[in-house]
Structures are given as C-alpha cells and as structure tokens.
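Let's walk through this model together, one region at a time. Have the viewer open and follow along as each part comes up.

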Protein chains: 2
Amino acid sequence: MKVDLLIENGHVLTMEGDGVGFIEHGAIAIKGNRIVAVGHREEVGRNCRAERVIDATNKLIMPGLIDAHIHTGFAIFRGVAQDMSDWMQKGIWPFQKHLKPEESKAGSMVNIIEGIKAGTTTFCDYDGRMDLLVQNYKKIGARARIAEMVNEIPDDIGDLPVGELYEFNPSIGEEKLKRNLDLYEEHHDTENGRISVILGPHGPDMMSLELLKEIQNYGEKLDTKLHMHVAQGDREILQMEKRYGQRSIAFLEQHGFLNDRLLAVHLTEATDAETVQVAKSGASMIYCAGSIGIIDGLVPPVHSFLQAGGVACLGSDQAPGNNCNNMFNEMKFAAILNKVKLKDPRIFNATQSLRMATIEAAKVMGIEHEVGSLRRGKKADVILLDLGDPSFFPVLTKPIRNIVPNLVYSTRGHEVETVIIDGNVVMENREILTIDEKVALAKAQNAAENVSKRAAFDILNSDSDILAMVRDGLL
Amino acid sequence: MKVDLLIENGHVLTMEGDGVGFIEHGAIAIKGNRIVAVGHREEVGRNCRAERVIDATNKLIMPGLIDAHIHTGFAIFRGVAQDMSDWMQKGIWPFQKHLKPEESKAGSMVNIIEGIKAGTTTFCDYDGRMDLLVQNYKKIGARARIAEMVNEIPDDIGDLPVGELYEFNPSIGEEKLKRNLDLYEEHHDTENGRISVILGPHGPDMMSLELLKEIQNYGEKLDTKLHMHVAQGDREILQMEKRYGQRSIAFLEQHGFLNDRLLAVHLTEATDAETVQVAKSGASMIYCAGSIGIIDGLVPPVHSFLQAGGVACLGSDQAPGNNCNNMFNEMKFAAILNKVKLKDPRIFNATQSLRMATIEAAKVMGIEHEVGSLRRGKKADVILLDLGDPSFFPVLTKPIRNIVPNLVYSTRGHEVETVIIDGNVVMENREILTIDEKVALAKAQNAAENVSKRAAFDILNSDSDILAMVRDGLL
C-alpha cells in the first residue's frame, strides 16, 4: 500500500481498549488525513511504501490531546486576576468590558500556539465572537469543535455589585444566538471536517428560560451538543436561587436539559445527589482541575461522577485562572487533586487522566469515531514526544512499564516535538510550521497592553485583592 | 568598576524585602562568584565596565531556585511506584534492595540536569552514598548542601511484612554516620564554598535513640543543621508508637530536637497542636507538595506552620513519587493544594510560593547570607527566563503586574534559558555547558535497565497495585 507518511520504531500508546494500548517499537501509517495502519513496526512497515518516513526511535507516538473546554478569547487576561476572591466580578469583568474583538482574537492565537506546543490537537473553544476566533484555527491548522458563548448579559455587568441579580437583555441574547447559528451555517464541517460547530449556552444563570428553551430546540433540530457551564460556582447558584428558587440542576432537570446532548462543564457546586443525577442522565462532565482549583480553591465532584457511571474528560478553561492551557498540567492536576480530596493515592491513576485527555474526551465531544485514539480509519491527529528528555527518565518496559506514569506525573508538555493534525505536520522540532509564532505573540502583546491601558481607570478604582498586592509591592 | 559579567535590560525579581523586589528594566553585575551590583539598568550600567554583557531584553532575571529536599539517588526509580498503597514498602524497597551505588550515582546526574534545566541552582540532597553523588555536583557545577541519610535499616527491609517493627542494626548506623562525618570532613566548604555538608538523620523511626543522640551531639559540635524526615507518614507514626508509645513530635521534644537546628521534612502526620509546637520551637519545615500529594494523597500542614510564625520552604523530594524534580511544579502545586485544602483561592499566593523556592528556602537552609535573593555581596546564582514564551503571555507591568502569577501558575521550567551558578554560566540557550547531557542520560538509562533486571524476580512476586495494572494491560 502507498502511504503519505510512515512513523516507525517508536513506542505507541493507541488509547484503544480499556487501558492505553501500548505497543513496544510500533509504527503508524497515514494516508491523506486518515490513519491507515497502526501496529508493530515490522507488520506495518512490511505493507507500506511511504512518501515520507519519520524515524521515531526513542520517541513516544500517541493521539493528539483534546482540550474539551477552553476560552481562548480570554488568553489576553492571563495573570491579571490571581489569588483573589470574586474572580469573575472583580478580576475579569473590569478588563473584559474594555476588550475589543480583534484583541481577543490576537490573544486567542497565543493560547492555540501554547496548546499545540503541548500536544493539543483538538480545541473545544467556547467563547464570544467565535466568528473571529475560528479564523485562527483555520490558519494554524488545528482541529476545533467550537461554540459561541450565548448569554443575555451586557459587557458592563461587572459594574453591578456582587450578589445582585443580573438583568437580562433579550436583544443581546438574540444577537449572540444568531452568531452561534451563523457560525454553524458557515463553518460547521468545513476544512475537511477539521472545524465543527456545536451550541454554547453560557449557563442557566446567564439567560432567560425562554432563550435557553430556544437553544434547546435548535440543539434538537441540528442534532448537536450543548456546551454549557453548570453549577460552576456559588455565584451561579445564588443567581438561580434568587431568580427561580431552584438550584441549577433541579432547574435543568425540570426543563429537560439533562440528557446526552448536555456537556456539563465544572459542576463545582453540585451536591453528591445532583452529581449522580447528572451522570445517570447520560449528560457528560468536563472537569477543569487547574482552573477551579486556583479560582475557587475547590475540587469538583468528578470522581463521584465517574463512579456513578458518567463519562467525563478534562479541559484547561481560561488562561487568567489556570493559568496555562496545557493538557499535561491538567492531567497531573486532575490526578493529584482527586487523590488529595479523597485522601487516597490510588484514586485517579495516570491511565485514567490520560484517557480523559484523549479517548474519553472524544466520547464526551461526540467525535470518538474520528479522533481520541490511534486506529485504522480515524483522522490522523498524532503527536510525538521525546523519550530522551530527562522528565521521561528512565524508560522501562519491564517488569514495570513506567511510560504512562511519567507522561502524566513528570512531563510538562515541552517534550512534544512533532504535532500532526488531520494528516498535516503542524509542528516539527518544536516549531510551528503554519504561522509565524513570534509575529503572533508580538501582535497579541500589543493588544494586551492596549486593553490594559483602557481598563486602567476601572481597575485602579476597584477593590480587588490583586490590585492591593501590586500596591503593597508584593508583585 | 570592572566586572566579569553584566546582564542588562531584563525585568528583575530580586526577592529582597517582603515581596518580590521587582525592578523594571534592570541589570545585575557579577565579579568572580559575587554579585557586585543590582538595580535599574542605567544606574548599574553607568558604573560598570564589563568583560561580557548579556542583553536580557524581554527576559526575566531572578535568583536561582533552591530545592530544599531532594533524594537524587532515587531518580533511577521514576515512575515505577505510582498510584499505589504502601509506596515505600511495596513500590520502592523491592527495587532499592538491588540498587548499586554507582547506578544510583548515574541516575542522580539526570535529576541534577533536570533541576538545572528548570532553574534550580541549589540542591539540598539527602541520600545514601553521598560520597559518590557529591561528585556529580562538583562536575556539573551546581551548588549543593548535602547530607548523608543515616539510619540503622538494612537494604532488605522491604521483605518485612507491612506494619512490623523494624529491627535496627547498630553497625549499619555507625557506618552511615561515619560516612556523613567523613563527607563533612572531606567536602564541607569546598569548591569555593559551593559544596557544604550538614547532618542527615533519616527519621526518628529509622534508628535507635542512642544513634539519634549521637547525631545530635555532632550537630552541636559542628554547629550544623539536622535535615530529617519528621512525621512523614502513618508508617512512621506506627513505628514510633509501637517502639516508644509516643508520636514523633512528642518524642523529639522530649529528647531536645525541637530547635532551630532541625529542618523538619514533611510533617505530613503532624496534628494542628504538633505543627504549632514545631513552628514555635524555631525548627523549620520543608514542604514537598507534589510528592506527598501523589504518594499519600495528603496536604501537609504547611499553612498552619506559617500561620504559627514558622519559616518554611519547598522541596521536590524524589523522582518516583513526585515525579519531577522541578521547582516550578512545586511552586504551583504548593499554591493550588493549599487553596483546595482550605477552600480559599486567596491562600498561598504566587508571591509566597516563589519566596519559598528562593529567599525563604535560603533562610531554612541557613544560607540566606549567600543565596536566595539578588543583593550586592551575595553569591552569583542567577537564572534568566524567556518572557517571550507563550506561557508568560502577556507581560504586563501596569495597572496589574502579572509576571509573578504567570511565573508560578503558568510557566513550567523550560522557559529558563540561562543558569549561572557561583558566577559561572552552567547553562546557556537551554544547553548544559559543563557536562554532556546525552552521555549522562544514556549511562543512567543503562543503569536503570540493569537494576530492573535484577529486581524483576522480587517485583514479579510482590502484590503491588502497579504490577497489577501492568498485568491488566492498563499501563
């Protein structure tokens, strides 16, 4: 068989089956944007004549990682809202109200670069003005499953005192929903299927029931998932109780949202009973370990969700909370935070974390027939890591096979050398081939400085913890 | 003034004062192994004629990091003992009993390389056969404050059923103590002061009271610190209660160990009252966030220790638990694990984490007059980081100065480009200049494979959780 690319001699994690699908000295063959063979090197090599061969000796070959929840439009705010209370209201909104769409787009590109350099090949981006952000994915060549974040909240919401009920603006809601639908119309299943669009209601507290119902109807009509924050913080629960006298999950149950269409993000404030209820409904959970740990000091009930039979995966959320958009960071945090929450080192093992950044994430996002594992017929999203990096040392295959523990607990992302998305080599020798990284960074830095300048008056008149630290010379 | 090296135009964190000592567009001048000037670039540049100038535009200049607790001799076991119960007994000891000193030394070099590449300049190494490991530090040019780990425990201790009282072997104890004293005699204050030696009792449960007392006497005679595991796990507490009918801290108090000579490592099992007691005694605490989180699923009481007025710092511990020896990993884990433990995002802010890997660590180790901050007269241990890496994006100095939050929460260590130790450039453009990294790695890989082969029979006949995972195809 003639193939375009043969990658051989590396150890392989296919992520097929119940474990990690380890193949010692394996190979993978790619034709167009599809995987046409995976297996032992002799077996694969025997049947292929390849246009190009990559020798992966002392490399690890595995599926590209899936970041199931990321707001790349927020990259521009990284590090401005740390170690503080009322993160969203006092940290983010004073900046966000001054953010121009083009600036958000410039910052987004840095997040995408950061993710690709750390092995992320699929970005489930969920943000405003996705019509602009999608251009970044098209340009850089990443896979994206995107949603416009729909709400009825004005940009100056941060001026409202903490704890007061938001007033919804239906015209904002209609405009944003239209953007999500236009996005679907224009970009869904484009770029050879690399770009796909789902619906993105911001949260049950962020819009009227009428608009939620409208989105639900479109979800059924288009037969697509709803990517939504659910029980994401005490701020949300407070809003729901004030407005409806109901907590988020009871409200969503009553209105028919708890089913396999729902991707419930965070569930930070879900009680045990609510967690089990969501898991058993068929809805999936997206767990953002680093973000919720740093912003809220909390560990969402992902372990209970999995114990109840739910399907869950990992997301990096946004730069100003986490603060990195790196799935290696997420895998390690997911494991350690759950071990600590349950005071048991056996909980949330390395294999589970790795699956939740690959095949389980593909299941959550409804794309497991295309990506998330290395299997003949799937799309060729493949990454190569340098097993010669000290963080992988030593590489042992017997009696204990230690590659996966070291991948999850020791590596940091810079071990990723090569990134192939949809059959194209997007990064090689740690260098992005499709865009000029330095130019993108300079543009985004300029944009960030401009937002900061415009936001300065509001920031300097806020009473945030981080501003106090800057004033006290602690930063 | 004539100087050897002038580093100019970078942003500087001096770590002097109560915060981080930020200087916008600063410079540092080095002569021999000492810092001779730090300040704004014009001020420093005006007074210096430099042999060599490094332009640090868009770089961060800061003190080298201090890893206050590391067992580099364990590097060779990275990833073989994960996600399991009885980590030491079932995970480590079956390997350790087959480890030869030269193999341990080969692995140690990889840990040191890993640390330097992530900005660690001072290693407080605490291990067996330090007479061999110290040669690595001399060769690579790192600063080390080392101790021989002294106990009376035979290498085949792992054959003892979990929970049984260890039998001490006084001749082992005398031999190990002699090694610590010989190490002091031969290596203390050598290499221009770069190598220093302290005492290293393994733990109150690991030797007889007689030997502990003997070490205590030597500590007084040499006027040096005692680097010791204290209340490091339920295994230790069980041994102490069985042997003495006392918990570790009451025992140490009774026998006069609770004073400023003691570096108490872990304190994992210390109660609130015990934690306050240790803090108020003047003893310091070394907190190993990643290691204890992964091995035990616990967060030691470091926040209470600090609240009680104690001085504490961070350590990476050993590769087979943590699993990386990277202080960036430690700073982020320390912050997030304590936020989560106390359910408060304001706890353990970025500045605190950073201080605990620099100036506070120097205080704990009794070397704050020499390292831990950038100040005229101190030793020149300096690192340069690339502020142009996406993980630092954006770099803002007003109204919110976000460099420190992004340093602690976003960067991962590979942003470190240049490492200067004792005035010498040990790493430049991410390449170690003093040894051949590839040769060191290959030698250590070979050693690890040999230990694994010899240990295979014992491992395959053990009942460890990780072996079961390998057998089930989960790894």
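A good place to begin is helix α4 of chain B: the cover over its buried residues includes α3 (101-117), β7 (120-127), β8 (143-150), α5 (170-187), β9 (195-197) and β17 (424-428) of chain B. Before going further, a word on conventions: this is a predicted model, in which local features need pLDDT of at least 70 and side-chain atom pairs count only at pLDDT 80 or more, while totals for chains, interfaces and linings use all residues. Residues are numbered from 1 along each chain as its sequence is written, and chains are lettered from A and ligands numbered from 1 in the order in which they are written. Helices (H or I, at least four residues) and strands (E, at least two) are DSSP runs, numbered from the N terminus.

Back to α4(B), which spans residues 130-140. Its buried residues are Met130(B), Leu133(B), Val134(B), Asn136(B), Tyr137(B) and Ile140(B). They lie on the same side of α4(B) because they cover an arc of only 145° around the axis, the arc being that of the directions from the helix axis to the C-beta atoms. An α-helix has 3.6 residues a turn, so residues three or four places apart point the same way. Here, a residue is buried if 20 or more other C-beta atoms lie within 10 Å of its own, exposed if 12 or fewer, and partly exposed in between, with C-beta atoms placed from the backbone. Just after the helix, Gly141(B) takes a positive phi of about 90°.

Now move to chain A and helix α7 (residues 234-244), where you will find Glu241(A). Glu241(A) counts as partly exposed because it has 14 C-beta neighbours inside 10 Å. Leaving out residues up to four places away in sequence, Glu241(A) touches Gln246(A) and Arg247(A); contact means that the C-beta atoms, placed from the backbone, lie within 7 Å.

Next come the strands, which pair if DSSP finds at least two bridges between them. In chain A, β2 (residues 22-31) and β3 (residues 34-40) run antiparallel and are joined by 6 bridges. One bridge links Ile30(A) to Ile35(A) in β3(A). The hairpin has 2 residues between its strands, and Gly32(A) takes a positive phi near 60° there. Elsewhere in chain A, an open sheet of 4 strands follows the order β11-β12-β13-β14 with parallel pairing. Its edge strands, β11 (226-230) and β14 (312-314), each pair on one side only. Strand β13 (residues 284-287) pairs with β14(A) over 3 bridges, and Met285(A) has Ala312(A) as its bridge partner in β14(A).

Zooming out, the domain assignment, which is automatic or from a database, splits chain A into domain 1 (2-63 + 379-432) and domain 2 (65-364). Their contact takes 24 residues from domain 1 and 25 residues from domain 2. On the domain 1 side, α16(A) gives the most, with 5 residues.

Finally, look at where the chains meet: 74 residues of chain A are in contact with 73 residues of chain B. On the chain A side, the largest share, 8 residues, comes from α17(A). That side divides into 42 nonpolar, 19 polar and 13 charged residues, where Ala, Val, Leu, Ile, Met, Phe, Trp, Tyr, Cys and Pro count as nonpolar, Asp, Glu, Lys and Arg as charged, and the others, Gly among them, as polar.

Notes: Contact = placed C-beta atoms within 7 Å.
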